[in-house]
Number of protein chains: 2
Amino acid sequence: MKVSTRFSDAIHILAFINIYHGKIPLTSDNIAGSVELSSVMVRKLMSTLKKAGLLETKSGASPDPRLAKPAEDISLLDIYLAVEKDKPLFEIDYDTNPQCIVGGNIQKTLEYYYQEAENAALAKLNHVSLADVIETILVKQKQKEAGIQK
Amino acid sequence: MKVSTRFSDAIHILAFINIYHGKIPLTSDNIAGSVELSSVMVRKLMSTLKKAGLLETKSGASPDPRLAKPAEDISLLDIYLAVEKDKPLFEIDYDTNPQCIVGGNIQKTLEYYYQEAENAALAKLNHVSLADVIETILVKQKQKEAGIQK
DNA sequence: TATTATTGTAATTTATATTTTTACAAATAT
DNA sequence: ATATTTGTAAAAATATAAATTACAATAATA
């Protein structure tokens, strides 16, 4: 399939809103111009983030979206779970021959080991806040402006 | 896109070969019957596993594929890297507006944090061997035969 | 109050990743 | 020799995500 960049784009949207709040009108069109996504996709993602309690938005003219809580209190895991729900990090093939010893037991076996790996990754995401991401973005921008290549 | 189950299927194939070696003819067609995958896909995956040094195969009639080393010495990470190569666990949207502070710096920022999370997951996979997986499958099969539901 | 800008959401279309199918030359056992 | 099977490529089918189109609902403002 097409590769999904929902998670990456959701972080982008929240960082953009936090950085540009009060500086430019935060319409879905302006945000879409930075993410280079259709404004409909931006609104869909924002709707999802709103339902997850990470974002507050308004309908109609002069919208003014803002983070529902401080960027320090939003972890990358919060954002990941908001947009990916229970999508597994490692996919399991559930369409196997149940008559076979392997085909009949591989799913539950892999579920266990995959879960361990997934938990380790999500725990790391839980230790990174949106504020960390924004700070890193701003540092990289200053480095760029100072002519420092990395 | 269609969801890829390459990793899951590759583990299945290796476990199947290990368990049924010497018991039934290990043709790609027989293996495909357990994985419920086309025999062409099975041969492709086996070809990939062979190139990665995990499997030994023969062409022609009476093929006799076998693990290239003991199942204890093959980790799930070895298999993952063989079939997924450098495919990232978390996708980054590289198509953003480079003129924007966020769009111009988000990729390198996320690469860093995503890498930490990915490494944590892959480290867990590195601690699980194909032998562990096979043992778990055989235990689950015995439980099933004993009428124990889990 | 009428007008304008924008959101929120659904339906359709398009793009693209993955698997399946088809095909066949090459390899090997019998 | 013949039959079986691999290894691999090309084309078709399938699945999922994003883009596009459309429009009613909402809210600012002239």
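## A tour from helix H4 outwards

Start by selecting A:Leu76, A:Leu77, A:Ile79, A:Tyr80, A:Ala82, A:Val83 and A:Glu84, the buried residues of H4(A). Buried here means under 20% relative accessible area, with exposed over 50% and partly exposed in between (1.4 Å probe, protein chains only). Helices (H or I, at least four residues) and strands (E, at least two) are DSSP runs, numbered from the N terminus.

Before going on, note that this is a predicted model, in which local features need pLDDT of at least 70 and side-chain atom pairs count only at pLDDT 80 or more, while totals for chains, interfaces and linings use all residues. Residues are numbered from 1 along each chain as its sequence is written, chains are lettered from A and ligands numbered from 1 in the order in which they are written, and side-chain values use heavy atoms, leaving out hydrogens and water.

**Around H4 of chain A**

Helix H4 of chain A covers residues 76–84, and seven of its nine residues are buried, so the rest of the structure largely encloses this helix. What do the buried residues of H4(A) pack against? Show H1, H3, helix H5 (106–126) and H6 of chain A, and add H5 of chain B. Contact means heavy atoms within 4.5 Å. Just after H4(A) comes A:Lys85, with a positive phi near 50 degrees.

**H1 and H6 of chain A**

Next, select residues 6–20 (helix H1) and 130–145 (helix H6) of chain A, which pack at an angle of about 70 degrees with their axes 10 Å apart. H1(A) is therefore roughly perpendicular to H6(A). Axes are lines fitted to C-alpha atoms, for helices over the stretch in contact, and angles run from 0 to 180 degrees between N-to-C directions. Angles under 35 degrees count as roughly parallel, over 145 as roughly antiparallel, 65 to 115 as roughly perpendicular and the rest as oblique.

For the side chains, pick A:Ile11, A:Leu14, A:Ala15, A:Asn18 and A:Ile19 in H1(A); they meet A:Leu130, A:Val133, A:Ile134, A:Ile137 and A:Leu138 in H6(A). This contact has nine nonpolar residues, one polar and no charged. Ala, Val, Leu, Ile, Met, Phe, Trp, Tyr, Cys and Pro count as nonpolar, Asp, Glu, Lys and Arg as charged, and the others, Gly among them, as polar.

**A stop at A:Ser39**

Now move to A:Ser39, in helix H3 (residues 39–51) of chain A. Is A:Ser39 buried or exposed? A:Ser39 is buried, at 17% relative accessibility. Beyond its neighbours within four places in sequence, A:Ser39 touches A:Ser28, A:Asp29 and A:Ala32.

**Across to chain B**

In chain B, colour helix H4 (residues 76–84) and H5(B): their axes come within 6 Å and cross at roughly 120 degrees. H4(B) and H5(B) are thus oblique to each other. Here B:Leu76, B:Leu77 and B:Tyr80 of H4(B) meet B:Leu122, B:Leu125 and B:Asn126 of H5(B). By class, that contact has five nonpolar residues, one polar and no charged.

Stay on helix H5 (residues 101–126) of chain B and select B:Gln107. B:Gln107 is buried, with a relative accessible area of 10%. Leaving aside neighbours within four places in sequence, its contacts are B:Ile92, B:Asp93, B:Tyr94 and B:Thr96.

**Zooming out**

Finally, show chain A alone as a cartoon: six helices and two strands, in the order α-α-α-β-β-α-α-α along the sequence. Of its 150 residues, 46% count as buried. The C-alpha atoms of chain A fill a box of roughly 65 × 40 × 30 Å along the principal axes.
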